[in-house]
Structure formats: C-alpha cells, structure tokens
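I opened this model to look up a handful of places and write down what I found. The entries are short and follow the order in which I looked.

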2 protein chains.
Amino acid sequence: MEPETTSVTIHNVAKSAGVSISTVSRVVNNLGRVAPETRKKVENAIRKLDFYPNSRAQALSRKRNDTIGLIVPDFEGQYFAMLMEGAHEEANSNGVNIMVLKAKGAESQIDVVKKVCSQGRTDGVILMLSELFDQVLEKIGNISGPLVILDKDVNLWHLDNILVDNRLGAFEATRHFTDVHGIKNVFFVGGSEHNVDTTARAKGFVDALASVKIDPQDKKFFCNNYSYDEGYRIACEKVVPLINSREHYGIVAGNDDIACGIIDALMDKGINVPQQVGVAGFDDSDIAIHRRLKLTTMRIPTKEIGRIAVRMIINRLSGQVSEPSKVILKARLIVRDSCGCGKNQNQ
Amino acid sequence: MEPETTSVTIHNVAKSAGVSISTVSRVVNNLGRVAPETRKKVENAIRKLDFYPNSRAQALSRKRNDTIGLIVPDFEGQYFAMLMEGAHEEANSNGVNIMVLKAKGAESQIDVVKKVCSQGRTDGVILMLSELFDQVLEKIGNISGPLVILDKDVNLWHLDNILVDNRLGAFEATRHFTDVHGIKNVFFVGGSEHNVDTTARAKGFVDALASVKIDPQDKKFFCNNYSYDEGYRIACEKVVPLINSREHYGIVAGNDDIACGIIDALMDKGINVPQQVGVAGFDDSDIAIHRRLKLTTMRIPTKEIGRIAVRMIINRLSGQVSEPSKVILKARLIVRDSCGCGKNQNQ
DNA sequence: TCCGACTATGAAAACGTTTTTATATATTTG
DNA sequence: CAAATATATAAAAACGTTTTCATAGTCGGA
C-alpha cells in the first residue's frame with residue numbers, strides 16, 4: 001500500500017559523510033569555505049546516495065521557485081509554439097522552468113495572474129492578453145513579481161512590455177507592392193476591425209498609400225476573424241468585383257490564413273495569382289511554405305519575443321534591472337512567390 | 001532597494017481573526033469541524049487581507065506540487081500544441097499545473113526525467129521519447145512518481161503507455177484507395193526508414209495490399225525526414241517515373257508535409273491530382289485545410305492523448321489506480337479532396 | 001452531580017532546505 | 001606566550017504550511 005520510496009535528504013547525506021547538514025548545503029551550493037577533504041567526503045556521499053536537493057524545500061527557503069509562468073489565451077496556430085521555443089531556450093540556459101497557463105477571457109486572466117502571483121507559484125509572469133486588455137490591466141496593477149505584457153501597447157505602471165510594430169509592418173508590405181511592383185491598386189484585408197493589431201496594420205496600409213499619394217479610400221476590408229474561410233469569403237464578396245482584367249493589383253492580408261483564403265478564392269474565380277494579383281500575408285506561419293505558391297509575408301519575430309520576455313524577468317529578479325522597459329520589434333518582409341517576385345513571376 | 005512587498009501569511013490571518021493558524025488552515029482546506037461563527041471570522045479576515053496560501057509551503061508540507069511535467073523533444077509542428085491543449089484541459093479541471101520541459105537526445109531525456117523527478121519538482125511526468133528510446137527507458141526505470149510514455153510501444157516495467165495504432169491507420173488509408181477508388185497502384189512514401197512510426201505505417205500499407213492480393217513489391221519509398229521538401233524530392237525521383245498516363249494511382253504519405261510535397265511535385269510535372277493520382281496524408285495538421293486542394297488524411301487524436309496522459313497520472317496519484325495501463329488509440333480517416341473523393345473529383 | 005464522550009480549538013512537530021549565529025581549532029601578531 | 005584574528009564546522013532559526021496530538025469546554029445519561 002505504501003510503495004512510496006522515501007527519497008534521500010540532506011540529512012542522510014550529512015550522516016553518511018559524518019558532517020552537519022550546513023556543510024552539505026555549502027558543498028551543494030558552492031558557498032563559503034569548505035576544507036578540500038571535507039568536500040570530497042560530502043561529494044562522495046552525494047554520489048553514493050544519489051542525492052538531489054528537494055526543490056520544494058529549496059523553494060520555500062529561498063523564497064523562489066525558479067519558475068516563470070507563461071499565460072496565453074490559447075494554444076492555436078504556431079504562435080504559441082514559437083513563443084515557447086524562444087522562452088524555453090532562454091529559460092533553460094538560466095536554469096529556470098516554464099509553467100504554461102491558459103486564460104482567455106478578461107475574468108479568467110485576472111484570476112490566473114492574481115492567483116499564480118499571490119501564491120508564489122511563479123517568480124514572474126509573461127502575459128499574453130486577450131482583446132479586452134485594459135480591463136485586465138486595471139485589476140492586476142498591484143501584483144508582486146515581475147510581469148511582462150506581450151503584443152499590447154501598455155503605458156501604465158511598472159510593467160515590462162514587448163510588442164511588434166504592426167503599423168510599420170503593414171506599411172512595408174504595402175510599399176513593397178507600390179515600390180517594387182509599381183502597383184497602384186493595393187487592397188488591405190484585415191482581421192476583425194476591433195482588433196488592435198488589425199487597426200495598427202490598417203493604419204500602416206493607409207499611411208503607406210498616403211506616402212505615395214494614393215487615395216486609400218474604399219480599399220480596406222475586414223474579416224470577422226483571422227481564418228482561411230473568412231479570407232476566402234471577403235475575397236469573393238469584396239475584392240473580386242473590383243478586379244479589372246487589364247490592371248495589376250496587390251493585396252496585403254491580415255495574416256497568412258487570410259492570405260491563403262484570398263489566393264484560393266481568386267484562383268477559383270480564374271484570376272491569375274500572382275501574375276495579375278499579388279498577395280502578401282502576415283506572420284510567416286508554417287503554411288507560408290507548405291503551399292504550392294509560397295507566400296510572401298511579414299515575419300513576426302515570435303521566438304525572439306519569447307526569449308526577450310524571459311530575459312526581462314530574469315533581469316528583474318536578479319536585481320540588475322529595476323526600471324521597466326518597452327521593447328518594440330520589427331516585422332520583416334520575407335519575399336517569396338505570392339507577391340509576384342518569385343518563380344511564378346513570368347507566368 | 002527592497003520593494004519586496006512581504007506577502008500575507010496564515011499567521012497574519014490567524015492574528016487578525018483572533019484564532020490559531022490551525023483553525024485558519026482548517027477553514028481554508030475545509031477539513032475537520034469549525035464552529036460557524038469562527039469560520040465566518042476567519043473568512044472575513046482572509047477576504048480583508050486578500051490571503052492566498054503560499055504554494056511553496058503547501059508543496060513542502062503536502063509533499064506534492066500539483067504539477068505535472070510534460071517533456072517533449074521539440075515544439076515544432078502542431079503536435080505539441082494539440083497535446084498541450086488536451087493536457088491542459090484535463091489538468092486545469094483538476095487543479096494541477098503543467099510544466100513544459102524540452103529534451104531531445106537520449107542523454108538529455110534521461111537527465112531531465114531523473115532530475116525533475118528526484119527533485120520532486122513535479123508529481124508525475126508525461127514523456128514523449130525521441131528516437132533512441134530503448135536507451136532512455138533502460139535508465140529511468142527506477143524513478144519515483146508516475147510516468148506516462150507517449151507514442152512508443154513500451155512493454156517494460158510499471159509504466160503507463162499511450163499510443164496510436166499507426167499500422168492500422170496506414171492500413172485503412174491504403175484500403176481507402178483500393179476499396180473506395182478501386183485503385184490497384186498504391187504507393188507508400190514514408191518518413192525515415194528507421195523511424196518506428198514509419199515502420200508501423202509501412203507495415204500497415206503492406207498488410208493492406210496483401211489483404212487484397214496485390215504485390216507490395218517496389219511500392220514503398222522513404223524520405224530522409226518528414227518534410228515537404230523530401231516529399232517533393234522523392235515524388236520527383238521515385239514516383240513520377242512510375243506513372244503511366246493511362247493508369248490511376250494512389251499514394252499514402254507518411255505525414256501531411258510529405259503529402260503536400262508530393263502533390264506539388266506531381267502538379268509541377270503536369271500530372272493531374274487528384275484525378276489521376278490521389279494522395280492521402282497522415283496527422284491532419286493545419287496545412288491539410290489551408291491548401292487549395294484539401295488534404296485527405298489520417299487524423300491522430302493528439303488532443304485526446306494529452307488528456308488521457310494527464311488523467312492517468314492523476315489517477316495514479318490519487319491511489320485509485322495502481323496498475324499501469326496501455327491505451328491504444330485509433331487514427332481516423334478524414335476524407336477531403338486530395339484522394340479524389342472531393343469537389344475536384346470529376347475534373 | 002459526576003463521568004465519559006464528543007466538540008472546537010490551540011500548541012507543537014514535521015516537511016527539507018538555506019542562512020545566520022555560535023564555537024571550537026588553527027594561525028598570526030605584538 | 002598571550003591575545004587577536006582566521007578558518008572550518010556545527011547548531012539553530014527561519015521559510016509557511018499541514019497535521020497530529022493535547023486540552024479545555026459542553027453535553028447527555030446514570
């Protein structure tokens with residue numbers, strides 16, 4: 001009934017080596033001075049007994065867990081995986097662990113953050129906010145440990161903040177069509193109109209056209225969400241009717257899913273992509289290179305975001321850095337075939 | 001220099017409510033009998049002081065962390081995300097957390113498992129093994145807590161085990177071509193020949209052909225890895241030369257990436273897909289529905305695997321279940337367009 | 001009215017570390 | 001050579017809970 005193999009503690013090691021537990025602790029943590037022969041005795045005992053310090057006791061005593069919480073609204077797409085990749089890389093090389101939590105609605109996010117921090121389960125938290133983020137921020141101002149907010153521009157309080165310049169990204173994608181391809185008819189098909197990312201990207205699009213003296217009027221469309229199906233739908237309903245077979249066009253999509261939907265819709269309507277209509281996506285997700293027509297897209301440095309977020313927390317914990325900071329990363333245009341630059345350029 | 005807001009402990013609550021810490025603990029954990037008015041006093045104090053029990057102290061005292069470790073070789077593709085989805089769902093509804101760890105090589109996996117278990121950082125571990133898994137298993141037989149092995153058939157020791165019947169999956173995909181489409185010329189293009197999944201799928205393919213009296217000789221090909229590019233390469237080098245324009249063909253691919261590579265290769269060589277050659281993938285990953293020609297593919301119940309894995313650990317921890325078990329899940333054929341069943345069936 | 005059983009609560013031990021403080025012993029200094 | 005100082009180690013306190021054990025107080029029955 002009790003197969004519970006009681007594990008070996010620092011006391012066992014101390015006894016076996018004929019020293020006190022303080023000495024063992026000093027050896028394990030490389031602290032203070034220990035006579036060479038004593039150290040050897042202790043190290044032998046540790047090896048003999050296969051001793052690993054109990055992390056629960058360490059956590060209590062040291063008042064830290066060596067654990068960072070990563071709170072995301074969902075695990076969909078590959079954003080989460082990339083974020084994890086970067087975060088884990090940085091965390092691992094600093095001996096800290098990552099606990100993944102999911103919290104979608106504002107309620108849930110407030111709950112999870114408060115709980116996890118107040119309980120001392122993590123030493124710091126990386127939070128990817130959902131849409132209603134001002135409500136969340138309002139309530140978590142007084143939490144204890146370091147807190148990094150991702151992807152939403154947060155000016156309040158002493159919070160670290162990492163974001164991507166979406167406006168600039170869409171600006172560059174748009175100017176790629178106007179400048180490199182000499183196209184005057186550029187459209188924008190974004191995600192939900194109330195999404196802050198979409199808003200920023202739409203602004204970049206407008207700014208880009210304005211900067212080359214093109215009227216952006218009636219050239220912006222919005223999907224209900226960031227999905228392939230919505231991209232397909234909007235392309236059929238809004239874009240196709242505007243296409244004149246004698247002109248060339250460019251479309252800046254809100255993300256790669258939408259871009260793919262658009263491309264397939266256009267093709268299904270017999271329109272030549274990318275010869276007559278070039279399309280650019282956003283995110284550089286997996287699907288960008290897993291299609292016949294490789295997607296030109298703006299790459300979001302997601303892995304980098306994860307890495308920096310962990311770095312920020314570690315810095316704050318180590319006391320080296322006390323001031324909160326805001327990091328703004330750029331998206332980068334990855335030119336492939338769907339804009340008309342690539343292998344399918346000349347038919 | 002010390003903005004460390006020292007958090008409120010059970011002692012503060014006890015003092016504020018005018019009772020002992022044992023009473024507070026009893027109220028918090030709903031244990032033993034507490035007089036209604038005492039309970040009210042304590043609850044008020046808890047609310048007033050915004051008390052959250054320190055999870056580190058709880059962990060030490062209770063000898064558990066309410067944390068499950070999920071060890072994966074990488075975060076690529078969407079396998080990890082789906083696994084996480086299921087695992088988190090089950091974990092969350094049981095009040096346990098998930099710590100994600102990465103360990104790729106055999107060395108690393110042994111290290112991580114031993115460390116995480118011996119330290120008591122997690123109460124149980126879900127382990128997704130890399131290729132050289134016998135070496136790993138050999139060394140981690142004596143670890144303490146519950147351990148669930150994913151995706152590799154493990155017969156040794158007292159380990160829980162969840163796997164997918166890859167043989168049966170490939171069998172069904174193959175028979176779909178022979179039975180539904182009446183195709184005799186079916187090929188298999190798997191991943192690395194030394195991969196156990198590939199081996200099982202290849203066997204399913206051979207068994208299926210044998211079961212309908214077709215000679216599987218010279219119909220199996222292998223990629224160096226599970227990538228789009230390899231699928232493209234093998235299709236060009238091995239498959240295309242075998243295609244006779246008067247015959248119909250079916251191809252069972254090792255995964256969706258390979259399937260996409262094959263399809264694009266065939267199309268680039270001017271072969272009609274799916275009219276002349278049908279292709280089926282494996283995994284039902286994102287890309288299956290993000291292409292113009294929707295992929296027919298075997299869906300692996302990854303989310304379910306995550307859910308069951310967590311369930312197993314929780315059951316073992318609760319002492320309800322003591323015997324290790326092996327769960328074998330089936331892949332399910334998702335019929336879309338690339339096999340020739342769908343919208344593009346008749347040209 | 002007295003005794004046993006039960007109830008509500010408090011006191012104290014335990015969990016396994018880290019860290020501070022104390023104490024021998026060895027080494028230097030005047 | 002005694003006093004001051006270093007050095008190596010041990011003893012004990014602390015971390016914040018849970019849990020066992022002890023102790024008053026209450027109740028019902030003889």
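The entries below cover the two DNA strands, two helices, the nonpolar cores and three loop residues.

**Entry 1: status of the model.** I note at the start that this is a predicted model.

**Entry 2: DNA strand C.** I looked up which residues come closest to DNA strand C. Of the 28 residues that surround the strand, the closest are Ile10(A), Ser25(A), Ser61(A), Arg33(B) and Thr38(B). I then went through polar contacts. The side chain of Ser61(A) has an N or O atom 2.6 Å from a sugar or linking oxygen of DNA strand C. In the side chain of Arg33(B), an N or O atom is 2.7 Å from a phosphate oxygen of the strand. Ser22(B) goes to a base: one of its polar side-chain atoms lies 3.1 Å from a base nitrogen of DNA strand C. The elements that give two or more residues to the surface near DNA strand C are helix 1 (10-17), helix 2 and helix 4 of chain A, and helix 2 and helix 4 of chain B. By class I recorded 10 nonpolar, 14 polar and four charged residues on that surface. Sugar or phosphate accounts for 64% of the atoms of DNA strand C within 4 Å of the protein, and bases for the rest.

**Entry 3: DNA strand D.** I repeated the lookup for DNA strand D. Here 28 residues lie around the strand, and Ser20(A), Thr38(A), Ile10(B), Ser25(B) and Ser61(B) come nearest. Ala35(A) uses its backbone, with an N or O atom 2.8 Å from a phosphate oxygen of DNA strand D. Asn29(B) places a polar side-chain atom 3.0 Å from a phosphate oxygen of the strand. For Lys63(A), a polar side-chain atom lies 3.3 Å from a sugar or linking oxygen of DNA strand D. Two or more residues each come to the surface near DNA strand D from helix 2 (21-29) and helix 4 (55-62) of chain A, and from helix 1, helix 2 and helix 4 (55-62) of chain B. The class count for this surface is 10 nonpolar, 14 polar and four charged residues. Of the strand D atoms within 4 Å of the protein, 64% belong to sugar or phosphate, the rest to bases.

**Entry 4: helix 2 of chain B.** Which residues of helix 2 (residues 21-29) of chain B are buried? I found Thr23(B), Val24(B) and Val27(B). They cover an arc of only 100° around the axis, so they sit on the same side of the helix. Their cover includes helix 1 (10-17) and helix 3 (36-49) of chain B. Just after the helix, Asn30(B) takes a positive phi of about 55°.

**Entry 5: helix 10 of chain B.** In helix 10 (residues 228-239) of chain B, I listed Tyr228(B), Glu230(B), Gly231(B), Ile234(B), Ala235(B) and Val239(B) as buried. Seen down the axis they fall within an arc of 160°, which means they line one face of the helix. What covers them includes strand 6 (185-190), strand 7 (220-222), strand 8 (249-253) and helix 11 (256-268) of chain B.

**Entry 6: nonpolar cores.** The largest nonpolar core has 88 residues, and Phe80, Met84 and Ile162 of chains A and B have the most contacts inside it. I took Met84(B) as a sample. Leaving aside neighbours within four places in sequence, Met84(B) is in contact with Phe75(A), Phe80(A), Val100(A), Leu70(B), Ile98(B) and Val100(B). Another core, of 56 residues, lies apart from the largest one; among its members are Ile234(A), Tyr249(A), Ala253(A) and Tyr249(B).

**Entry 7: three loop residues.** Is Pro241(B) buried or exposed? Pro241(B) is exposed, at a relative accessible area of 57%. It is placed in the loop between helix 10 and strand 8 of chain B. Beyond four places in sequence, Pro241(B) is in contact with Ala235(B) and Cys236(B).

Ser285(A) lies in the loop between strand 9 (277-283) and strand 10 (296-299) of chain A. Its relative accessibility is 19%, and the limit for buried is under 20%, so Ser285(A) counts as buried. Not counting residues up to four places away in sequence, Ser285(A) touches Gln78(A) and Asp256(A).

Lys152(B), in the loop between strand 4 (147-150) and strand 5 (160-164) of chain B, is buried with a relative accessible area of 5%. Its contacts beyond four places in sequence include Leu129(B), Glu131(B), Phe133(B) and Asp197(B).

Notes. Residues are numbered from 1 along each chain as its sequence is written. Chains are lettered from A and ligands numbered from 1 in the order in which they are written. This is a predicted model: local features need pLDDT of at least 70, side-chain atom pairs count only at pLDDT 80 or more; totals for chains, interfaces and linings use all residues. Side-chain values use heavy atoms; hydrogens and water are left out. Buried means under 20% relative accessible area, exposed over 50%, partly exposed in between (1.4 Å probe, protein chains only). Helices (H or I, at least four residues) and strands (E, at least two) are DSSP runs, numbered from the N terminus. The arc is that of the directions from the helix axis to the C-beta atoms. Contact means heavy atoms within 4.5 Å. A residue is near a molecule or strand if one of its heavy atoms lies within 4 Å of it. A polar contact is a pair of N or O atoms within 3.5 Å; within protein, one must be able to donate a hydrogen and the other to accept it, and residues adjacent in sequence count only if both atoms are side-chain atoms. Ala, Val, Leu, Ile, Met, Phe, Trp, Tyr, Cys and Pro count as nonpolar, Asp, Glu, Lys and Arg as charged, and the others, Gly among them, as polar. A nonpolar core is a set of buried Ala, Val, Leu, Ile, Met, Phe, Trp, Tyr and Cys residues joined through side-chain atoms within 4.5 Å.
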